[in-house]
Amino acid sequence: STTIIRDKNVQWNKDIGEQHPDDWDEFEKIYESVPIVHGSINKTVDYCLKDGFAVTTDNEAAQIILDDFMRSQNFDILLRRITRDLLVYGNAFVEVVKDESGSVAKLKPVHPKTMYVKRNENGALEGYSQWTGQLGKKAVPLSPDQIAHFKHNPLADKAYGMSAIKTVQKILNAKLNTEQDTATLINRKAGAPMHIKLGNDLLP
């Protein structure tokens, strides 16, 4: 299991990169637990990609290479993963794996919760790091050309995008807490309580 630092009293190690602005575990929990959110995001992904996609060029040889590469990478599935991550976490990361010649050999989606953006004091991108959140484990540094970072609805020059769940997070958390409290209450009170009476009218 992994332990992510959420305590604001614990100083964040800036060498890892910029800290995530929100609790992405919460967004993931809401997506997995609230049917209307789960369905809405999946429906949006379907709508975005329902007509398919194509990359075309006038160069026939290049077109063959592109088509073969996209088929080998299951590009349609990759795009669905990117789109869903953008809506749930506000960010999507894809590792660009190259072969010995420097050509792109593979596009590997990376879980957003493990990725951190590194920028200098002027806000210029320096690279990325991957850290699972396990205390004692070092972050893996990655250069800008090793990662493709997609951001959903980013504000100004912020390092990260914004989840589609963020604006309704408090309402949905209240809904989940209410459901949990209701279930606990019913579980405690649903059984028929015992009524025990001692004595009688003459000897109460």
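At 2% relative accessibility, S129 is buried, because buried means under 20% relative accessible area. The model is a predicted one. S129 makes a useful starting point for a walk through it.

S129 sits in strand β4. That strand covers residues 125-130. Beyond its neighbours within four places in sequence, S129 touches I16 and G17 among others. The contact list of S129 also includes T114, M115, Y116 and K118. A139, V140, P141 and L142 are on the list of contacts as well.

Now take the strands around S129. β4 belongs to an open sheet of three strands, ordered β3-β4-β5 and paired antiparallel. Its edge strands are β3, residues 115-119, and β5, residues 140-142. Each of these edge strands pairs on one side only. From one strand to the next, the twist averages 30°. In general, strands of a sheet pair through backbone hydrogen bonds, in a parallel or an antiparallel sense.

The two pairings can be followed residue by residue. β3 and β4 run antiparallel and are joined by five bridges. Y116 lies opposite S129 in β4. R119 has L125 of β4 as its bridge partner. β3 and β4 also form a hairpin, with five residues between the strands. In that hairpin, G123 adopts a positive phi near 90°.

On to the other pairing of β4. Three bridges link β4 and β5, again in the antiparallel sense. Here S129 stands opposite P141 in β5. S129 therefore faces a residue on each of two strands: Y116 and P141, with buried status at 2% relative accessibility. Both Y116 and P141 are also among the contacts of S129.

A further sheet has the order β2-β1-β6. This sheet is open, has three strands and pairs antiparallel. β2, residues 104-110, and β6, residues 147-151, are its edge strands. Each of them pairs on one side only. The twist averages 20° from one strand to the next.

β1 spans residues 91-98. Six bridges pair β1 with β2 in the antiparallel sense. Two partners mark the register. K98 stands opposite V104 in β2. E95 has K108 in β2 as its bridge partner. β1 and β2 form a hairpin with five residues between them. In its turn, G102 has a positive phi of about 95°.

Last comes a pocket. The second largest pocket has a volume of about 170 Å³. Q19, P21 and D22 are among the residues that line this pocket. The lining also includes L155, K158, A159, Y160, G161, M162 and K166. By class, five of the lining residues are nonpolar, two are polar and three are charged.

Key. Residues are numbered from 1 along each chain as its sequence is written. This is a predicted model: local features need pLDDT of at least 70, side-chain atom pairs count only at pLDDT 80 or more; totals for chains, interfaces and linings use all residues. Side-chain values use heavy atoms; hydrogens and water are left out. Two strands pair if DSSP finds at least two bridges between them. Helices (H or I, at least four residues) and strands (E, at least two) are DSSP runs, numbered from the N terminus. Axes are lines fitted to C-alpha atoms, for helices over the stretch in contact, and angles run from 0 to 180 degrees between N-to-C directions. Buried means under 20% relative accessible area, exposed over 50%, partly exposed in between (1.4 Å probe, protein chains only). Contact means heavy atoms within 4.5 Å. On a 1 Å grid over the protein atoms alone, a cavity is a set of points where a 1.4 Å probe fits but cannot get out, and a pocket is an open set with protein on both sides within 12 Å along at least five of seven lines; lining residues have an atom within 4 Å of a point. Grid points are joined across faces, edges and corners, and a volume is the space filled by probe spheres set on the points. Ala, Val, Leu, Ile, Met, Phe, Trp, Tyr, Cys and Pro count as nonpolar, Asp, Glu, Lys and Arg as charged, and the others, Gly among them, as polar.
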